[in-house]
Amino acid sequence: MAPRLRQATAAGRSPSGAVNSNLPLASVTQIIMLGAMPAILSISNLSKTYATGFTALKSVDLEISKGEIFALLGPNGAGKTTLISIICGLTYPTTGTVTVDGFDIARDYRAARKQIGLVPQELKADAFETVRATVNLSRGLFGKPRDDARVEKVLRDLSLWDKRDSKIVTLSGGMKRRVMIAKALAHDPAVLFLDEPTAGVDVELRRDMWALVRQLREQGVTIILTTHYIEEAEEMADRVGVINRGELVLVEGKAELMRKLGKKQLTLQLQTPLNALPESLAAFPLELIKSGAELVYTYDVKQEHVGIADLIRRLGEAGVEFKDLQTHQSSLEDIFINLVNEPAQEISA
Amino acid sequence: MNWRAVKAIYLFEMHRTWRTLMQSVLAPVISTALYFVVFGSAIGSRMKSVDGVPYGAFIVPGLIIMQTMTQSVSNASFGIYFPKFVGTIYEVLSAPVSFFEVVLGYVGAAASKAIILGLIILATASIFVPVRIEHPLFMVLFLIATATTFSLFGFVIGIWADNFEKLQMVPLLVLTPLSFLGGSFYSLAMLPQPWRTVTLFNPVVYLISVFRWSFFGFADVQIGASLAAILIFMGVCLGIAGWMFKTGYRLKA
Ligand SMILES: Nc1ncnc2c1ncn2[C@@H]1O[C@H](COP(=O)(O)OP(=O)(O)O)[C@@H](O)[C@H]1O
Ligand SMILES: [Mg+2]
């Protein structure tokens, strides 16, 4: 993978895990730009009830713009794979319609499917075939003529060229996953589905995957990935959809989501450790950590009055002095946990 | 038509055969040779000729049909069962291919293998006994029809089977008895009543009979009836396979 891309990956995140403030801004501009793009994927009123009677998707509506990177985020069993399977033709919908670039997945299935590349969640490859044979098969299945140069490019991009004549059974798990990706890319799809692309893969492959996603985005490929790693959505996506129990709970530009729902934390390093909080500060959501050496104030960025000025004034009045302070924007992970846990409790009640 | 997909499936399946060439060719050839030793030489030497054909030669068409049938069913059923079992079928289901193209690829490959095998057995047989073929063109046509029909049948079984036992059950419980009682080793005229009439309900009888006609120029049943039986069975299998694909039976949730 190109080193240039790898650097871009590293720069997106500050070491502390907090989001680099430049990144959301860039994404906001992107979202505004994307808003004007035509939808390449359009899902309406999509539901799925399996033969077991279990309803895995509940009336999902979603539009994805051309060139967008969309992360579908949700816990295990939320219905992510079900959604992808319906779009790709592996599962029948119970209700609703899906169009890909304007082509209905049922009526115009040929035109719709030609646009799609799928990397399924599980490793499923022809164990006794060679890498090259299985990638050639994929290309043929999608109606493309044999093109050795194109296949070579795909294999090289995925560091698979050296393994081109190896039987898949002899490859490591990470290599097998690369083969799955090569198969999906073999016919140059306009839309790529990555179902949990980095679940259980090593750091190197994860980096390569992210670099690949960026490279594909530059080529104008629309990417829909599912994950339950927030990190991944945060790292790669323009927009995030949160799915839980078959319902699309929320779809938001990533930066927007962070801004709207993010909690921020102010951490004060105290001059002298405190045993207990002064009475006058009881009204603030404060917490003493590190044996009283640090004071943490959690506030919601959505609120108009975040109360920081007030807090600092009260601290001064109480004689609590601090030598340093930091703020930390909560990650998607924090947001996600808030979103998914709260409604879930209501449902089960 | 997505001919490239048909070709891709076909070549991929044929490649699988080359990989397992030994077991796909050697086993049937050996078992055929055994039939000749047991039936052709040991028993056949005590038997008169049947309708003027030496017994050893008489059993050749039946043996070829039996092996072609068995191989068609096992090739085709395994060919579609295996990707279903390991999950690689996802790619075929997500590709821009119609049901008919998938069938053409898989069944075409399975039938091709069975036809090649049938011809190899014919060659093996002619080492043991002198074989004459009166209607070679019809012989080839019937061989193709048999291979195609039973490959379709195997394809249906492969989709239907959701475990290895089921995959092997039908060939073992249905195909083997039907083909043994299909007149490979005897002429219908040799059977007493009511078995002669009962036998007429066995579709394999028609196959073997018409195939034997292409070799020796005589048949137990009418050629027209045989052809009709083959076409009906082929139509039924195609109908079932089509229904399976339309409804996604055991392929799509
Ligand atoms: N073929 C099926 N039959 C019945 N239930 C299924 C089937 N496939 C998935 N499910 C159920 O649907 C729910 C959603 O599954 P899935 O879409 O795989 O979730 P995710 O990919 O988000 O982990 C799960 O509860 C799962 O058990
Ligand atoms: Mg899943």
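1. Second largest cavity, by class. In this predicted model, the lining holds six nonpolar, four polar and two charged residues. The space inside is about 80 Å³. Chain A contributes Ile116(A), Gly117(A), Leu118(A), Ser138(A), Phe142(A), Met180(A), Lys183(A), Ala184(A) and His187(A). Chain B contributes Tyr90(B), Glu91(B) and Ser94(B). Two or more lining residues come from each of β6 (116-119) and α7 (173-185) of chain A, and from α4 of chain B.

2. Largest cavity. There are six cavities of 30 Å³ or more, and the largest encloses about 220 Å³. Its lining has 18 residues; Asp126(A), Phe12(B), Glu13(B), Pro83(B) and Thr88(B) are the closest to the centre. The class split is 10 nonpolar, two polar and six charged.

3. Elements around the largest cavity. α1(B) gives the most to this lining, with five residues. At least two residues each come from α5 (131-141) of chain A and from α1 (3-19), α3 (55-86) and α4 (89-94) of chain B.

4. Ligand 1 shell. Ligand 1 is surrounded by 13 residues, the closest being Gly77(A), Gly79(A), Lys80(A), Thr81(A) and Thr82(A). Helix α3 (residues 80-88) of chain A gives the most, with three residues. Six shell residues are nonpolar, six polar and one charged. The site is shared between chains, because residues from both A and B surround the ligand.

5. Polar contacts of ligand 1. Ligand oxygen atoms lie 2.7 Å from a polar backbone atom of Gly77(A) and 2.9 Å from one of Gly79(A). A side-chain N or O atom of Thr81(A) is 2.7 Å from a ligand oxygen. The protein covers 66% of the 570 Å² of accessible area that ligand 1 has on its own.

Note on methods
Residues numbered from 1 in each chain as written. Chains lettered and ligands numbered in written order. Predicted model: local features only at pLDDT ≥ 70, side-chain atom pairs only at ≥ 80, totals over all residues. Heavy atoms only, no water. Near = heavy atom within 4 Å. Polar contact = N/O pair within 3.5 Å; in protein donor to acceptor, adjacent residues only side chain to side chain. Areas by Shrake-Rupley, 256 points an atom, 1.4 Å probe, with all protein chains shown as cover. Helix = DSSP H or I, 4+ residues; strand = E, 2+ residues; numbered from the N terminus. Nonpolar A, V, L, I, M, F, W, Y, C, P; charged D, E, K, R; others polar. 1 Å grid on protein atoms, 1.4 Å probe; cavity = no way out; pocket = protein on both sides within 12 Å on 5 of 7 lines; lining within 4 Å. Points joined across faces, edges and corners; volume = space filled by probe spheres on them.
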